[in-house]
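Reader: I have just opened this one and would like somebody to walk me through it. Could we take it piece by piece?

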Amino acid sequence: MTTDTESLDPFVAELRRWVDNEVLPVVDELEHSNTFPDKLVEAMRDLGVFELMIPKEYGGLGANYVTYTGVVEELSRGWMSLGGILNTHVIVSHMISKFGTEDQKQRYLPQMAKVERRGALTITEPNTGSDVQAIETSAVLKGDEYVINGSKLYVSNGRRGKIFALLAKTDREIDPRHRGISCFLVQPDFPGFNIVREIEKLGYKGIEACELHLDNLRVPVENLLGGVEGRGFVHAMSGLEVGRLNVASRAVGVARAAFEDAIRYAQQRETFGQQIAQHQAIQLKLGEMGTDIQAARLLTRWAAGQKDVKDRSDMEVGMAKLFATEVAGRAALESMRIHGGIGYTKEMRVERYYRDVPFMMVGEGTNEIQKTVIARNLLDRYRID
Ligand SMILES: Cc1cc2nc3c(=O)[nH]c(=O)nc-3n(C[C@H](O)[C@H](O)[C@H](O)COP(=O)(O)OP(=O)(O)OC[C@H]3O[C@@H](n4cnc5c(N)ncnc54)[C@H](O)[C@@H]3O)c2cc1C
């Protein structure tokens with residue numbers, strides 16, 4: 001299941017080696033000191049990870065989503081936070097590539113490919129997360145600038161991001177509500193952009209989640225994504241699909257790390273005169289974990305393949321995100337049980353996996369929301385008159 005190096009994409013195979021040699025030796029120190037991994041991020045840049053999904057004509061590698069899922073799985077097997085540092089960069093570059101004006105693509109994508117600007121996405125607000133259409137941040141056109149006011153919460157990469165895809169309401173009265181939402185490309189050096197705090201978290205260490213206050217933030221009119229008002233909801237939903245592929249892949253990576261630690265430990269630890277791996281109770285766990293993880297990986301690769309050929313794949317990507325993150329939750333807990341008491345201590349990595357996985361069930365659209373999205377798609381497909 002995890003030794004199929006020869007069948008891997010060469011890019012993914014290289015990352016696997018890099019994670020083994022460069023990430024695993026330093027991850028515990030970075031995690032427990034909650035340190036941003038500057039050197040690893042530089043190395044990821046040199047390996048081409050940040051430019052992977054940017055189209056070739058704008059300086060990127062133009063890879064497909066199947067390769068992307070392999071890359072994110074490998075990074076997250078080392079440390080889930082690395083997958084998160086990459087995530088919003090890929091989401092924002094996708095939104096610009098797909099919906100941006102030619103001027104916006106020329107201005108931002110080459111800089112993003114060179115990692116001179118890392119991307120961040122800011123939708124969530126103090127009063128709303130799942131219900132994106134209820135955002136309260138407002139944008140009013142004054143001359144050749146939009147003036148934006150509001151607050152944004154949990155902005156991943158919020159302190160180090162250099163280009164933010166930010167949702168705001170340009171029309172509060174319109175029905176349906178989503179047509180009143182627009183997306184803006186915001187630089188942190190625009191006047192009125194304030195980072196007010198970093199929010200402490202259970203896990204997902206190293207990477208910052210910020211609160212932003214936008215106090216008469218001034219955004220030039222040419223930074224309205226795509227140059228048209230009222231399309232921001234569509235832009236964000238397309239971006240979130242890419243984000244959900246990232247989260248599904250991250251979950252496969254964390255689940256695999258939990259499994260690999262467990263199967264190694266099960267052959268080292270002895271009780272009642274034999275390896276615990278020889279107890280049927282432990283074998284049942286290992287068998288289920290191995291099967292679950294392979295199913296999650298295949299579902300994620302399939303969803304990525306659908307995203308490669310279709311404009312929208314809400315259902316497929318939602319299924320992968322839902323399933324893979326729940327698998328990761330079970331894998332982290334089962335791995336902890338297999339480790340016994342030491343699994344609950346900071347001497348083993350499994351406590352990190354256990355702290356990291358709940359975020360993936362909530363972030364990028366909660367798993368409850370994924371179920372409703374999947375069901376709506378199924379109801380459409382199975383509609384009876
Ligand atoms: C560490 C971290 C990083 C994040 N990074 C970002 C980021 O970079 N950018 C960004 O914009 N956001 C980010 N988020 C926000 C995240 O996407 C939201 O927290 C998430 O979408 C849920 O929104 P909420 O917290 O407002 O929960 P709510 O929407 O208030 O939901 C609360 C509960 O109600 C359930 N629920 C709500 N509506 C329904 C419904 N219709 N049907 C069934 N159940 C429902 C939810 O599933 C959940 O269980 C981040 C969050 C965290 C914790």
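Reader: Let me begin with A255: which residues is A255 in contact with, leaving aside its neighbours within four places in sequence?

Author: This is a predicted model, so please read everything that follows in that light. With neighbours within four places in sequence set aside, A255 is in contact with I293, A296, V327, A328 and A331.

Reader: And which residues touch the most other members of the largest nonpolar core?

Author: That core has 106 residues, and the ones that touch the most other members are F184, A251 and A255. Helix 7, which covers residues 232-268, gives the most to this core, with 17 residues. As a general background, nonpolar side chains in soluble globular proteins tend to be buried together.

Reader: What is the reach of helix 7 from its first C-alpha to its last, and how many residues does helix 7 have?

Author: Helix 7 has 37 residues and reaches 53 Å between its first and last C-alpha, which is close to the 54 Å expected at 1.5 Å a residue. Helix 7 is also mostly covered, since 29 of its 37 residues are buried.

Reader: How many residues of helix 5 are buried?

Author: Helix 5 is mostly covered too, with 19 of its 20 residues buried. Helix 5 takes in residues 80-99, and the distance from its first C-alpha to its last is 29 Å, close to the 28 Å expected at 1.5 Å a residue.

Reader: Changing topic to the strands, is strand 4 buried or exposed?

Author: Strand 4 runs over residues 163-169, and seven of the seven are buried, so this strand is largely enclosed by the rest of the structure. Both of its faces are covered, with I163, A165, L167 and K169 buried on one side and F164, L166 and A168 buried on the other. Behind that two-sided listing is a general pattern: in a regular strand the side chains alternate between the two faces of the sheet.

Reader: Which sense does the pairing of strand 1 and strand 4 have, parallel or antiparallel?

Author: Strand 1, residues 119-122, pairs with strand 4 in the parallel sense over four bridges, and within that pairing G119 stands opposite I163. Strand 5, residues 181-186, is joined to strand 4 by six bridges, and these two strands run antiparallel. There, K169 has I181 as its bridge partner.

Reader: What is the peptide bond between D175 and P176 like, cis or trans?

Author: The bond joining D175 and P176 is cis, with omega about 0 degrees, and P176 has its place in the loop between strand 4 and strand 5. For context, most peptide bonds are trans, and most residues other than glycine have a negative phi.

Reader: Where does D171 lie, then?

Author: D171 lies in the loop between strand 4 and strand 5. D171 is partly exposed, because 15 other C-beta atoms are within 10 Å, a count between the limits of 12 or fewer for exposed and 20 or more for buried. Not counting residues up to four places away in sequence, D171 touches G180 and G230. The C-alpha atoms of D171 and S182 are 8.8 Å apart, and these residues are eleven places apart along the chain.

Reader: You mentioned phi a moment ago, so what is the phi of Y154, and what about N216?

Author: Y154 has a positive phi of about 55 degrees although it is not a glycine, and Y154 is found in strand 3. N216, also not a glycine, has a positive phi of about 50 degrees and is found in strand 7, residues 209-220. Y154 is partly exposed, with 19 other C-beta atoms within 10 Å, whereas N216 is exposed, with 11.

Reader: One more topic: which residues are closest to the ligand?

Author: The ligand is surrounded by 23 residues, and the closest are G129, S130, S156, T366 and E368. By class, this shell has nine nonpolar, eleven polar and three charged residues. Strand 1, strand 3, helix 10 and helix 11 each supply at least two residues of the shell.

Reader: Where is the place of I374, and which residues is I374 in contact with?

Author: I374 has its place in helix 11, and, leaving aside neighbours within four places in sequence, I374 is in contact with M315, G318 and M319. I374 is partly exposed, with 18 other C-beta atoms within 10 Å.

Definitions and conventions. Residues are numbered from 1 along each chain as its sequence is written. This is a predicted model: local features need pLDDT of at least 70, side-chain atom pairs count only at pLDDT 80 or more; totals for chains, interfaces and linings use all residues. Two strands pair if DSSP finds at least two bridges between them. The expected span of a helix is 1.5 Å times one less than its number of residues. Two residues are in contact if their C-beta atoms, placed from the backbone, lie within 7 Å. A nonpolar core is a set of buried Ala, Val, Leu, Ile, Met, Phe, Trp, Tyr and Cys residues joined through C-beta atoms within 7 Å. A residue is near a molecule or strand if its C-beta atom, placed from the backbone, lies within 6 Å of it. Ala, Val, Leu, Ile, Met, Phe, Trp, Tyr, Cys and Pro count as nonpolar, Asp, Glu, Lys and Arg as charged, and the others, Gly among them, as polar.
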